[in-house]
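Colleague: I would like to learn how to read burial, strand pairing and confidence in a model like this one. Could you take me through it?

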Amino acid sequence: MGYYLLDHPPASRQFYPTRYETESGVVVVHTAESVMDTVGPDTGAEGVAGFISRRNDPGSYHCLVDSDSIVDLVPPHYTAFQVAVDHFNRHSWGISFATAADAWDTVAGWDNAALAQAGHRIAVYALDWAQRVKGDINRAYEVPRWISQGEAQARTAGMVLHGQLQADRSDAWVHHSERATLEARLRLIVRTEIDRVLKPPEHGGKPMLLIVRPGNDELYVVYDGGVMDHGGDSINAYAGVGLYQADTDGWNRYVKQNYRAREIANKDLSQANKYSPNWPALLG
Ligand SMILES: [Zn+2]
């Protein structure tokens, strides 16, 4: 998995490969106002991504989701063209459902599946933002809350609907009768997904570092101070690495552990960021 708009260069400019401001942790939630694909595999997100690559006017997101897929368009440190007012594009990150604002709840099961995809992806962004921008993975918990337009303008981390920010828009569900329910469900999924990474029950390790692979289908989390089982023997590990892989139920954790991580982390976990580019390769 890569980034769709890097693999399919758009016909007109749809992003900048930089940020004019530091990422705020503001997550803008959209609907793409596309037609929901309910026959066979859901190709909605892929279809909208193709549309963005061909359109001649500006309009893009960082990510698109539908009921069975996540399509990343550009990296999080890129500027996407998602909100046309108040410089939100400079600091916010945008995710869009490949559906229409008035189509929620009209197809059984679609919204549950799509909310799960989006919740998972927003949690990945929150963890990545906390680590990469704030230097503290635990600050991911600042994202799963709904914020006002004023808070978004003040660069307060949290989730906000596009329709709250721009007067001529009503996505993702500003006027929907089930707005409160949709928001509660999405927030809970994001929070739960973050919990799965930051509160692993198997050991007492403290999460220290997150590495997200391009495409975000895998996460590596480095834990400091945990005690882990190794071949039936419990050993004191100073650090460990958990590999999380996404599936339909969220992340599966501890697919892999590798004690070479301990050797590196022993040197100085506060300096571990400098190893980030090489961590995946170290996990034999
Ligand atoms: Zn929108």
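**Reading the model step by step**

Modeller: Gladly, and keep in mind that this is a predicted model. Let's start with D72: 27 other C-beta atoms lie within 10 Å, so D72 is buried, as the cut-off is 20 or more. D72 belongs to strand β4 (residues 70-72).

Colleague: How far apart are D72 and Y4 in sequence and in space?

Modeller: They are separated by 68 residues in sequence, yet their C-alpha atoms are 6.2 Å apart.

Colleague: And for a whole strand, how many residues of β6 are buried?

Modeller: For a strand, we can go through the residues and then the faces. In β6 (residues 93-97), five of the five residues are buried, so this strand is largely enclosed by the rest of the structure. One side carries W93, I95 and F97, the other G94 and S96, and both faces are covered.

Colleague: Which strands pair with β6, and in which sense?

Modeller: Strand β2 (residues 26-31) runs parallel to β6, joined by five bridges, and H30 sits opposite S96. Strand β3 (residues 63-65) also pairs with β6 in the parallel sense, over three bridges, with C63 opposite I95.

Colleague: Where is the confidence lowest and highest among the elements?

Modeller: The general idea is that where pLDDT is low, the predicted coordinates should not be read in detail. Here the protein's mean pLDDT is 78, with 68% of residues at 70 or more. Strand β11 (residues 233-236) has the lowest mean among the elements, 36, and strand β7 (residues 158-161) the highest, 98. The pLDDT is below 50 over residues 226-239, a stretch with 30 contacts beyond near neighbours in sequence. Residues 253-284 are also below 50, with 50 such contacts in the model.

Notes:
Residues numbered from 1 in each chain as written. Predicted model: local features only at pLDDT ≥ 70, side-chain atom pairs only at ≥ 80, totals over all residues. Helix = DSSP H or I, 4+ residues; strand = E, 2+ residues; numbered from the N terminus. Buried ≥ 20, exposed ≤ 12 C-beta atoms within 10 Å, placed from the backbone. Pairing = 2+ DSSP bridges. pLDDT = per-residue confidence, 0-100. Contact = placed C-beta atoms within 7 Å.
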